[in-house]
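Okay, everyone, thanks for coming. Let me put the structure up and we'll walk through it piece by piece.

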Amino acid sequence: MDLYVTNPGPIDQSVLYDQDKHVSSAVWEGQERGALRCHEHTSKLDQWALTRKQLELVHKAGFGYLRLIPAISLDNPLISALVERWRRETNTFHLNVGEMTVTLEDVAYLIGLAIDGEPVMGVTYTMCDTICERLLGKAPDHGSTSGGMVKLSWLKESFSHCPEDATMEEIERRTRAYLLYLVGSTIFSTTTGNKVPVMYLPLFEDFDQASKYAWGAAALSFLYRALGNASLKSQSTVSGCLTLLQCWSYYHLDIGRPRLNQDSIHVSFPLVLKWKGKQSGPTANRDLIFYRKALDSLKPSDVEWLPYINIDCRIIPEDIKRSLILGRSKTMLICFDKAERHLPDRCLRQYGLCQSIPEDVQRWERKSRGVDGGVDLSGKMELELNEWLDRRLNIVEGDEGVDESEYMQWYMKITRRFVGRLIPLSSEFQRMHAALRDIAHLADTVSTQGMDSQQTESVTRIRYIVHECLRDQVGTSMLASSIPQVEHGKRIRGKEMIRRKSNGKRRRKDDSVQCHAATEGDQSQLCSAAGEIDYSQLCLTDAEVDDLQLCHAGGDGVDGQLHTAIEVDGTLLCHPTDEIDDDDTETCIGITGVEADDPQVCHAHAVIKGEAQAVPESSLKTSEDVEQRNDYSIVV
């Protein structure tokens, strides 16, 4: 059997050292969190009525292309599946074909923001009144602020319409409000709802100076941090420039990519505009499970490593062209207190280069440094700033003589290969149960003759442990094997409960117990998944089972439970299971008069919505045989 069926990786945890905190660990254990809530607030951007002078100032500040990007409907399940593949240890997606990431080159092409320039950094604020009064000419009311953040709705209501006869000062104020709204609803969208920190506002005081900042690098740093936070199993939301992420996926991965109604031969800049307008394509069953399975089975043919290679270079602005070399810069991306590593050496194939085994990633502590108001972060982030200043000195190069098969061999050891299980939990339970029986049989039949006391003690200990494991499963395996797995489009929280839906009908008094006796020649042991009812025989112990019954509890018109009653040496042990949803009737199973040494066994068929069937143990010789049975079989 493939090792990854039971161990999805990483085998070598030197790279993905935070695996225990990652959402994929929770998913593997059956703890689904469902699709993430995606925070991006672009739906009301078109309600801003900008004048010609305002548009000139927006373009001068470097946001002329970002302004053109319309609100694109977010595919929450697709984004959530990508987050499950994101690793903050490397700031890359770990896919079956290797590592990939959103690079500075992608940011430049897709949203048209500057990826070169001064780092986006300044003074932090915990109050909004003073800075808003100075740069916007108006302070927000008390209900429109929260610490150093202001509501986007207040900005729109107060500044979205500029009078025709407005002074230049008023035009500039309203344009600053628009730019703050623009970055707060797109590249710096937060999980707080509809708020944006006012710390960005001073960077728009001088529109010429604003164009000198590397807004694209800041947007990527913000997105990296948001993806890293969302990849933790304790999180349920994701923010950042999700339009950038989704369109990056459309360009690079043939998964969930919509078909375009319009002709896309003549693409406009920025390239996100390719996905503008109405889209068509199959949408049924495209939930989180669909995308997760698609990524788990991703093939090289599903990947477009160089999606921009055939783009008409004439539509690319000259300043963007000159900065594209930084797409291969191994540097630190900065957005105020958020500093994230840009590691193009881990995804060289996205630049048309051969992928070699990358260098180890230096661990760095992600800190939130902007707690106090009035703090200039430049004095607290010297190392990060120096790394950004040296960005042009750290351009990664490829090696044409590299054997990529060596990289893939290394990569498969350090990556998380699968997020979802290849085999349902019910099947794994049956396989584990069968394996334990095999081990118990071997331990009970092995001869201790000729062994020393230590070896004999070890065998005895093995027998004890395996039988304890089997005994712990009493009353659980029927439930695990008979309840269908809920795997598609549902959020599973806690233990799965199946409740009886009573419609008030009385039980028919002639409901009978269906009990089938095994033949005299059947030497198989009674190994009921409901309760290991011949456990004394399996364990080869001296305990005598005087009587064994599976009895029905509950009367006419009363919700009942399926009980397993086992009488051992005159003591009645009753194991109630969860209530079973069988519409109008309950299944009554009775087994009586079974002796521990009786080769004849009464097999009970528990028919639960027609999804469970009894399977003689004699037909399942090994754990592999059990694995091949359908998920809803009951071994008896």
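Let's start with a pair of strands. Strand E6, residues 149–151, is joined to E7 by three bridges, and the two run antiparallel. If you want a spot to click on, go to Lys 151, which stands opposite Lys 195 in E7. Before I go further, keep in mind that this is a predicted model.

So where does that pair sit? E6 and E7 belong to an open sheet of three strands in the order E5-E6-E7, with antiparallel pairing. The edges are strand E5, at 145–146, and strand E7, at 195–197, and each of those pairs on one side only. Then look at what lies across E6 and E7: helix H6, residues 152–159, running at about 60 degrees to E6.

Okay, zooming out for a second. The chain has 636 residues, and 51% of them are buried. DSSP-wise we've got 19 helices and 20 strands. For the contact-map people: take the contacts in the chain with a separation of 6 or more, and 76% of them come from residues 24 or more positions apart. As for the accessible surface, that comes to about 30,000 Å², and carbon and sulfur atoms own 48% of it.

Next stop, another little sheet. This one is also open and three-stranded, with the order E2-E3-E4 and antiparallel pairing. E2 and strand E4, which is 98–100, are the edge strands, each pairing on one side only.

Take the E2 side. Two bridges join E2 to E3, and the strands run antiparallel. Trp 86 has Phe 93 in E3 as its bridge partner, and Arg 87 stands opposite Thr 92 in E3. E2 and E3 make a hairpin with four residues between the strands, and in that hairpin Asn 91 takes a positive phi near 55 degrees.

Now the E4 side. E3 and E4 pair over three bridges, in the antiparallel sense. Here Leu 95 stands opposite Gly 98 in E4, and the hairpin has two residues between E3 and E4.

What about the faces of E3? In a regular strand, side chains alternate between the two faces of the sheet. For E3, both faces are covered: Thr 92 and His 94 are buried on one side, and Phe 93 and Leu 95 are buried on the other.

While we're here, look at the loop between strand E2 (86–87) and strand E3 (92–95), because is Arg 88 in that loop buried or exposed? Arg 88 has a relative accessibility of 17%, so with the cut-off for buried being under 20%, Arg 88 counts as buried. And which residues does Arg 88 touch? Leaving out residues up to four places away in sequence, the list is Asp 18, Lys 21, Gly 228, Leu 232, Trp 364 and Arg 366.

One name on that list, Gly 228, gives me a lead-in to helix H9, residues 215–230. H9 has 16 residues, and at 1.5 Å a residue they should span 22 Å; the end C-alpha atoms are 22 Å apart, so that agrees. H9 is also mostly covered, with 15 of its 16 residues buried.

Let me jump along the chain to another hairpin. Strand E11, residues 331–335, is joined to E12 by five bridges, and the two run antiparallel. Met 332 has Arg 341 in E12 as its bridge partner. There are two residues between these strands, and Phe 336 in this hairpin takes a positive phi near 55 degrees.

How many of the residues of strand E12, 338–342, are buried? Five of the five, so E12 is largely enclosed by the rest of the structure. Face by face, we have Lys 338, Glu 340 and His 342 on one side, with Ala 339 and Arg 341 on the other, all buried.

Last topic: cysteines. How many disulfides does the structure hold? Zero. Take Cys 128: the closest cysteine sulfur is in Cys 132, 5.3 Å away, which is too far for a bond, given that a disulfide needs the sulfurs within 2.5 Å. Cys 128 is buried, too, because its relative accessible area is 2%. Cys 38 also counts as buried, at 17% relative accessibility.

That's my tour. Over to you.

Notes:
Residues are numbered from 1 along each chain as its sequence is written. This is a predicted model: local features need pLDDT of at least 70, side-chain atom pairs count only at pLDDT 80 or more; totals for chains, interfaces and linings use all residues. Side-chain values use heavy atoms; hydrogens and water are left out. Two strands pair if DSSP finds at least two bridges between them. Contact means heavy atoms within 4.5 Å. Axes are lines fitted to C-alpha atoms, for helices over the stretch in contact, and angles run from 0 to 180 degrees between N-to-C directions. Buried means under 20% relative accessible area, exposed over 50%, partly exposed in between (1.4 Å probe, protein chains only). The expected span of a helix is 1.5 Å times one less than its number of residues. Accessible areas come from the Shrake-Rupley method with a 1.4 Å probe; for residues, only the protein chains shown count as cover.
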